[in-house]
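Biologist: I am new to this one. Can you walk me through it, feature by feature?
Modeller: Gladly. Let us look at it together.

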Amino acid sequence: MLTDTYNRIHNYLRISITDNCNLRCFYCMPEESYAFMPNQQLMQAEEIMQLAKLFVAQGVNKIRLTGGEPLVRKDAKEIIRLLGSLGVELTITTNGTRLHHFVDDLEAAGVRSVNISLDTLQKDRFYLLTRRDQFDIVKENIELLLNRNFKVKVNVVVVKGVNDAELLDFIEWTKHTPVHIRFIEFMPFDGNQWKSDKLVTWKEMLEIISKQYEITPLENLPNDTCKKYMAEGHKGTFAVISTMSSPFCSGCNRIRLTADGKIKNCLFSEEETDLLTALRRGEDVLSLIEQSIVSKHKELGGQFSKQFELIDANTLHNRSMIAIGG
Ligand code: SAM
Ligand code: SF4
């Protein structure tokens with residue numbers, strides 16, 4: 001078991017398989033030009049598998065593929081197939097633009113639930129947010145996955161003055177469609193222009209939604225990062241992810257592996273542990289993993305206070321989200 005000094009058991013590994021992406025979401029990528037990692041710097045498919053096996057032997061029973069956009073990687077199908085053979089719960093977070101090429105592979109690998117990011121239900125706003133004209137294909141792929149009986153969670157990063165006026169439209173979507181919307185508080189990462197006044201807190205979101213809809217809280221699991229709700233009579237559900245205004249670090253069971261093979265023991269950790277170099281040199285990787293887990297900070301990577309109004313994003317030391325793997 002990968003247990004840290006606060007008795008948190010880490011059984012959920014999020015693996016970024018690339019920092020490359022075919023969209024350009026402003027909250028995820030630095031404003032200035034971003035150089036994607038060269039291929040030799042990335043974990044190769046077999047290396048991902050070797051590292052994943054080590055984690056599984058230590059009690060990891062859930063793996064999520066992420067990125068960058070995991071489905072732009074050329075050997076993504078191979079990676080999905082390999083990890084599917086591990087017998088753990090396998091999931092993926094994707095921008096949805098290329099899902100139609102992967103439905104069979106995901107199904108064959110045992111993936112049952114897919115997180116798709118879609119921050120707006122308006123085509124022109126999608127272009128403004130992502131700088132790419134891919135709205136229709138994402139909507140079509142959500143339909144495709146629902147028709148193939150996948151559970152579909154839709155990630156929406158809520159940013160004040162950008163898409164917060166659409167909260168009710170997303171709830172309306174759940175009326176006849178069994179999608180699970182997850183409203184995420186906007187988080188600060190390297191170069192993403194985060195300011196506390198762009199944050200819409202989960203309480204503010206609930207206030208807006210509950211004025212229009214009768215909502216019921218749903219049961220949450222111990223390691224859930226979200227608080228789940230349902231609008232009366234709707235087929236789908238919604239949830240709020242309160243990382244900034246009400247962090248949920250005490251129940252954290254997550255470890256992240258970046259595309260270049262480094263562990264981040266927290267989304268906000270400055271420290272990283274290089275597993276890939278050790279693996280390539282034939283060194284002891286397990287002890288590095290254990291060291292990383294025991295050095296995990298109690299909260300928020302030890303970087304900022306729970307009072308998000310006090311955060312100065314310029315003082316944080318971290319990668320951009322696209323290079324971490326959300
Ligand atoms: N490309 C895939 C996608 O967009 O779903 C996977 C990688 S993306 C980095 C993973 C998740 O992180 C997405 O749901 C995205 O919306 C979220 N994300 C990125 N930057 C964020 C930020 N600054 N605050 C909150 N969530 C963020
Ligand atoms: Fe790409 Fe996902 Fe980041 Fe958007 S959120 S730029 S789709 S990695």
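Biologist: Which residues does Val240 touch, leaving out those up to four places away in sequence?
Modeller: This is a predicted model, so take every value as computed. Val240 touches Phe183, Trp202, Met205, Thr225, Cys226, Lys227 and Tyr229. Val240 belongs to strand E9, residues 237–241.

Biologist: Is Val240 buried or exposed?
Modeller: Read the relative accessibility. Buried means under 20%. Val240 has 0%, so it counts as buried.

Biologist: How far apart are Val240 and Gly302 in sequence and in space?
Modeller: They are 62 residues apart in sequence. From C-alpha to C-alpha, the separation in space is 23 Å.

Biologist: Let me try the same reading on Leu90. Where does Leu90 lie, and what does it touch?
Modeller: Leu90 lies in strand E3. Beyond residues up to four places away in sequence, Leu90 touches Ile63, Leu65, Ile80, Leu83, Gly84, Ala109, Val111 and Arg112. Its relative accessible area is 3%, so Leu90 is buried. Thr201 is 111 residues from Leu90 along the chain, and their C-alpha atoms are separated by 30 Å.

Biologist: Now helices. Which residues of helix H2 are buried?
Modeller: H2 covers residues 76–84, and Ala76, Ile79, Ile80, Leu82 and Leu83 are buried there. Look down the helix axis next. The buried residues of H2 fall within an arc of 165 degrees, so they line one face of the helix.

Biologist: What do the buried residues of H2 pack against?
Modeller: They pack against three strands, E1 (12–16), E2 (62–66) and E3 (89–94), and against helices H1 (45–57) and H3 (103–108). You have met E3 already, as the strand that holds Leu90. Leu90 itself touches Ile80 and Leu83, and both are buried residues of H2.

Biologist: Which residues are buried in helix H9?
Modeller: In H9, residues 285–294, the buried ones are Val285, Ile289, Ser292 and Ile293. Down the axis of H9 they fall within an arc of 100 degrees, so they too line one face of their helix.

Biologist: What covers the buried residues of H9?
Modeller: The cover includes H1, strands E10 (254–257), E11 (262–264) and E12 (273–274), and helix H8 (275–280). H1 is also among the elements that the buried residues of H2 pack against.

Biologist: How do I read a pair of aromatic rings?
Modeller: Use the distance of the centres and the angle of the planes. The count here comes to 9 aromatic pairs. One of them joins Tyr34 and Phe36, with 5.4 Å centre to centre and 75 degrees between the planes. That pair is edge-to-face. Tyr34 is at 21% relative accessibility, so it counts as partly exposed. Phe36 has 26%, so it is partly exposed as well.

Biologist: What is the geometry of the pair of Phe126 and Phe135?
Modeller: Edge-to-face, with the centres 5.9 Å apart and 65 degrees between the planes. Phe126 is buried, with a relative accessible area of 3%. Phe135 is buried too, at 7%.

Biologist: Which residues form the aromatic cluster?
Modeller: Phe170, Trp173, Phe183, Tyr229 and Phe238 form one cluster. Among the cluster residues, Phe183 and Tyr229 also touch Val240.

Biologist: Which ring does the charged end of Lys139 sit over?
Modeller: The ring of Trp173, 5.1 Å from its centre. Lys62 offers another case. Its charged end sits over the ring of Tyr12, 4.5 Å from the centre.

Biologist: What should I look for in the backbone?
Modeller: Check the sign of phi. Most residues other than glycine have a negative phi. Asn7 has a positive phi of about 65 degrees although it is not a glycine. Asn7 is in the segment before E1. At 65% relative accessibility, Asn7 counts as exposed.

Biologist: Where is Gln193 found?
Modeller: In the loop between strand E6 (180–185) and helix H7 (202–212). Phi of Gln193 is near 60 degrees, again a positive value. Gln193 is partly exposed, with a relative accessible area of 42%.

Biologist: Last, which residues are around ligand 2?
Modeller: Cys21, Leu23, Cys25, Tyr27, Cys28, Gly68, Asn95 and Ile322. This shell divides into 6 nonpolar, 2 polar and no charged residues.

Key. Residues are numbered from 1 along each chain as its sequence is written. Chains are lettered from A and ligands numbered from 1 in the order in which they are written. This is a predicted model: local features need pLDDT of at least 70, side-chain atom pairs count only at pLDDT 80 or more; totals for chains, interfaces and linings use all residues. Side-chain values use heavy atoms; hydrogens and water are left out. A residue is near a molecule or strand if one of its heavy atoms lies within 4 Å of it. Ala, Val, Leu, Ile, Met, Phe, Trp, Tyr, Cys and Pro count as nonpolar, Asp, Glu, Lys and Arg as charged, and the others, Gly among them, as polar. Buried means under 20% relative accessible area, exposed over 50%, partly exposed in between (1.4 Å probe, protein chains only). Helices (H or I, at least four residues) and strands (E, at least two) are DSSP runs, numbered from the N terminus. The arc is that of the directions from the helix axis to the C-beta atoms. Contact means heavy atoms within 4.5 Å. Rings of Phe, Tyr and Trp (its six-membered ring) pair if their centres lie within 6.5 Å; planes under 30 degrees apart count as stacked, over 60 as edge-to-face and the rest as tilted. A charge sits over a ring if NZ of Lys or CZ of Arg is within 6 Å of the ring centre and within 35 degrees of the ring normal.
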